Amino acid sequence: MTRWTPDPTFYASPRDAGNAPAEKLAYVAAFDRSAQRPDAIAVVDVDPESARYGTVVGWTDLPHLGDELHHFGWNACSSALCPTAPHPHVERRYLIVPGLRSSRLYVLDTKADPTRPEVVKVLQAEELGKHAGYSRPHTVHCGPDGIYVSALGGSDGRDGPGGIAILDHTSFEVRGAWEAERGPQFLAYDFWWHLTQDVMVTSEWGTPSMIEDGIVGELLLGRKYGHALHFWDLRRRRHVQTVDLGDQHQMPLELRPAHDPTKAYGFVGVVISVEDLSASIWVWHRDGDRWAATKVITIPAEPADSELLPDLLKPFGAVPPLVTDIDLSVDDRFLYVSCWGTGELKQYDVSDPFHPVETGSVRLGGIVGRVAHPAAPDERLAGGPQMVEVSRDGRRVYVTNSLYGAWDDQFYPDGVGAWQAKLDVDVSDGGFALDTRFFPHGEDFRGLRVHQTRLQGGDASSDSYCFP
């Protein structure tokens with residue numbers, strides 16, 4: 001666990017990370033919606049020189065049922081090199097994998113055989129509840145002082161508030177809740193930070209009862225899901241400010257701060273506007289001594305024949321983009337936006353974060369389009385680009401197609417399937433194209449749905465940096 005020198009996959013600055021060697025493996029969360037089989041971590045060969053490129057080369061079944069694996073992360077990353085880090089010599093070795101429905105947390109060791117991660121610890125729901133007061137773990141980020149895990153619900157049957165738990169870097173035991181002064185925050189979802197400025201940012205989705213069975217139309221039209229960002233004093237663990245985006249902008253989910261630690265801005269994607277079904281991207285930024293958020297991208301809904309739409313959308317005669325993930329390249333130049341409803345992945349040049357310029361678009365799947373992959377041109381794809389992961393050098397983008405079991409069933413009622421795709425990026429001028437050699441799908445994932453991808457050695461959404 002402890003090294004004499006820092007892990008070579010830790011990088012002091014985003015520039016160093018961008019010059020790192022290319023990844024050779026990708027770890028993919030795979031889950032069984034029926035909870036009749038164990039969820040798993042699939043390992044995919046992403047080395048173009050390998051004879052097994054684009055295939056599943058490793059598989060680890062988890063020991064329990066009904067987890068629904070979600071946004072997992074590394075135990076340690078480049079943030080361990082921050083000057084205040086008490087753990088500068090830990091290794092990027094363990095995957096911390098949350099079960100969104102079971103409230104379990106798994107620790108998997110990738111060191112002995114990176115293609116066969118080994119389950120070395122299981123934290124049961126009772127441990128997260130007893131020591132942190134939370135349930136429904138959702139997202140994992142490695143911080144300089146511990147492992148941070150967001151959670152949507154409270155313990156002992158309480159629907160909320162959701163918040164953040166801290167795990168120990170070494171023992172993986174639950175230390176406790178992160179928040180010292182919560183203020184008005186109740187709903188939870190993602191979190192990120194500006195480490196050198198002692199700022200935490202959190203977003204909102206809903207409590208377990210609000211999301212358990214998918215989108216509840218009455219709650220959505222009643223504007224009851226999350227619609228605000230929260231800003232915190234990171235060192236004092238104290239709520240500082242709420243920025244409300246307006247209750248028509250429902251579900252601001254994924255947060256992507258600038259990787260440059262001297263910058264104080266970041267992007268958040270909003271799933272849907274109840275006024276016109278559009279999705280949007282906002283920039284949070286400083287406004288004097290306060291925080292503000294500015295809408296910089298609006299993506300409209302697309303008209304569609306109601307007969308082709310799932311029941312939830314038939315009354316509207318349109319397909320909402322449903323922006324459910326975004327990712328920012330490590331050099332802070334390109335923002336990738338997944339429109340899971342329309343099946344579109346968009347690329348924007350955000351060198352000027354307040355004036356994004358669209359530089360690329362690819363379609364796969366989609367509620368109506370069902371666009372095929374060039375590697376399987378006769379296969380109408382369900383789902384759409386959902387979870388997005390960008391390589392450290394910004395040259396490769398990986399997408400998977402399942403969002404959340406209950407949402408999959410609502411928007412793709414005839415089945416969402418399972419697929420992963422890769423796109424190659426023109427880092428000079430922008431734009432990207434599908435890699436026709438890379439398309440693990442269907443039975444490659446043994447009948448499970450696939451959600452998040454993590455790249456060996458780190459990726460654009462795994463690490464944060466303290467040096468420019």
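**Note on the predicted model**

1. R223 is located in the loop that links α4 (217-221) to β14 (228-233). The model is a predicted one, and the backbone at this position merits a remark. Although R223 is not a glycine, its phi is positive, at about 60°. Its relative accessible area is 28%, so R223 is partly exposed, given that the partly exposed class runs between the 20% and 50% limits.

2. A second arginine should be read alongside the previous one. R237 sits in the loop between β14 and β15 (238-244). Its phi is near 60°, again a positive value in a residue other than glycine. With a relative accessibility of 33%, R237 is classed as partly exposed. For context, most residues other than glycine have a negative phi, and most peptide bonds are trans.

3. The peptide geometry at one proline also calls for attention. Between G160 and P161 the peptide bond is cis, and omega is near 5°. P161 belongs to the loop between β9 (146-154) and β10 (163-167).

4. Another proline is of interest for its surroundings. P144 lies in the loop joining β8 (134-143) to β9. Is P144 buried or exposed? P144 is buried, because its relative accessible area is 10% and the limit for burial is under 20%. Leaving aside residues up to four places away in sequence, P144 touches S79, C82, A85, P86, H87, H169 and L195. The C-alpha atoms of P144 and L81 are 7.5 Å apart in space, while the two residues are 63 positions apart in sequence.

5. The overall fold may be summarised next. The protein chain contains five helices and 30 strands. Along the principal axes, its C-alpha atoms fill a box of roughly 60 × 55 × 45 Å. A compact globule of 468 residues would have a radius of gyration near 23 Å, so the 20 Å of the protein chain agrees with that expectation. Among contacts with a separation of 6 or more, 59% join residues that are 24 or more positions apart.

6. Burial and surface composition follow. Of the 468 residues in the protein chain, 64% count as buried. The exposed area is about 16,400 Å², of which carbon and sulfur atoms supply 48%. There are 66 negative and 43 positive side chains, and the centres of these two sets are 4 Å apart.

7. Which residues have the most contacts inside the largest nonpolar core? They are W205, M251, Y404, W407 and F411, in a core of 32 residues. At least two residues of this core come from each of α3 (208-211), β16 (249-257), β17 (265-273), β21 (318-319) and α5 (405-411). The largest share belongs to α5, with three residues. In soluble globular proteins, nonpolar side chains tend to be buried together.

8. Y404 can be examined in its own right. Not counting residues up to four places away in sequence, Y404 touches E68, H70, L100, R101, W205, I211 and E212. Of these neighbours, W205 is also one of the residues with the most contacts inside the largest core. A second core of 27 residues is separate and includes M200, A264, V268 and C466.

Conventions:
Residues are numbered from 1 along each chain as its sequence is written. This is a predicted model: local features need pLDDT of at least 70, side-chain atom pairs count only at pLDDT 80 or more; totals for chains, interfaces and linings use all residues. Side-chain values use heavy atoms; hydrogens and water are left out. Helices (H or I, at least four residues) and strands (E, at least two) are DSSP runs, numbered from the N terminus. The radius of gyration is taken over C-alpha atoms; the globule rule is 2.2 Å times the number of residues to the power 0.38. Buried means under 20% relative accessible area, exposed over 50%, partly exposed in between (1.4 Å probe, protein chains only). Contact means heavy atoms within 4.5 Å. Accessible areas come from the Shrake-Rupley method with a 1.4 Å probe; for residues, only the protein chains shown count as cover. Lys and Arg count as positive and Asp and Glu as negative; His and the chain ends are not counted. The place of a charge is taken as NZ of Lys, CZ of Arg, CG of Asp or CD of Glu. A nonpolar core is a set of buried Ala, Val, Leu, Ile, Met, Phe, Trp, Tyr and Cys residues joined through side-chain atoms within 4.5 Å.
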